[in-house]
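Ready for a few warm-up exercises? Have a look at the sequence and the model first, then work through the tasks below.

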Amino acid sequence: MKTKLLYHTNSFTYECTAKVVAVDGDDIALDATVFYPGGGGQMADRGTITWPNQDYPASVIALHKRDNIVWHALDCPPPPLGTEVVGTIDWDFRYQMMRTHTALHLLCGIIWKEFGVQVTGGQMYPDRARMDFAMENLDRERITVIEDKVNEAIGADYPIHVYTLPREKAFAIPDLVRTKVNLLPPEIEEIRIVEIVGLDLQADGGTHVNHTREVGGIRITKTENKGRINKRLEIALDPLT
Ligand SMILES: [Zn+2]
């Protein structure tokens, strides 16, 4: 049993029909889903699931991915096994996550290019995101350089390509090795790649926009020392006009 992860192939799909393939309490597993279950710093989607003869649409209050199955926790008793349902995500929330996620990849691509330092962690929120870097020196001058270069890259409107590569091929790409792709569990044979063409390449399971211009623009709102060689940057996205 396996859930088809529609968000992996097209992050712009916000709705799909699917069949209930397992039920556990108020949780249902579907044969296909548009709901991103969370992970890699990207928050899980929100949304609703509808089926015939329902009083009101069921809200998805939590998501869990276990093995190859995505479980949707509902706020009401679930439909019976085999029911055909329609899953719809909160698109405004998701699109915000996609813009923010791409912004973070721009940030680590630029910081790698400029200073040759790696990411140590990150987290996205609807209106902001933070990312930690193995960096010793982060002064005002560097912050300005980073912010300017990220905004330049947004304006340059690089395309973003998402594809999968066999493990051996992915491991042969130097740009991917820096993101510690070799730490992925050995049972993963196909590596999903998110490429900001000409700028950044990462093994990634998240959802992204198609062009960097969609990010709009960013500001670095906060920096913090998280240890001698660990610096935290917080960014906020400019509102879309
Ligand atoms: Zn990512």
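Here come three exercises, each with a worked solution.

Before you start: this is a predicted model, where local features need pLDDT of at least 70, side-chain atom pairs count only at pLDDT 80 or more, and totals for chains, interfaces and linings use all residues. Residues are numbered from 1 along each chain as its sequence is written, and side-chain values use heavy atoms, with hydrogens and water left out.

**Exercise 1.** Find which residues coordinate the zinc ion.

*Solution.* Step one: look for donors, meaning N, O and S atoms within 2.8 Å of the metal (3.2 Å for Na, K and Ca); water is not among the atoms, so sites may look incomplete. Step two: pick out His101 (NE2), His105 (NE2) and Asp204 (OD), which sit at 2.0 to 2.1 Å from the zinc ion. Step three: read the donor spacing along the chain, H-x3-H-x98-D. Histidine 105 belongs to helix 2 (residues 91-115), while aspartate 204 is in the loop between strand 13 (200-203) and strand 14 (218-225), 99 residues apart, so this pair links distant parts of the chain. (Helices are DSSP runs of H or I with at least four residues, strands are runs of E with at least two, and both are numbered from the N terminus.) Step four: check burial. Buried means under 20% relative accessible area, exposed over 50%, and partly exposed in between (1.4 Å probe, protein chains only). Histidine 105 counts as buried because its relative accessibility is 3%, and aspartate 204 is buried too, at 13%.

**Exercise 2.** Work out which residues touch the most other members of the largest nonpolar core.

*Solution.* Step one: gather buried Ala, Val, Leu, Ile, Met, Phe, Trp, Tyr and Cys residues joined through side-chain atoms within 4.5 Å; such a set is a nonpolar core. Step two: the largest one has 34 residues, and Leu107, Phe133, Ile218 and Ile235 touch the most other members. Step three: list the elements giving two or more residues, among them helix 3 (140-155) and strand 15 (231-237). Helix 2 gives the most, with eleven residues. As background, nonpolar side chains tend to be buried together in soluble globular proteins.

**Exercise 3.** Place proline 185: where is it in the chain, and is it buried or partly exposed?

*Solution.* Step one: go to the loop between helix 5 (174-177) and strand 12, where proline 185 has its place. Step two: its relative accessible area is 33%, so proline 185 is partly exposed. Step three: compare it with tyrosine 7, which is 178 residues away along the chain; the two C-alpha atoms are separated by 21 Å.
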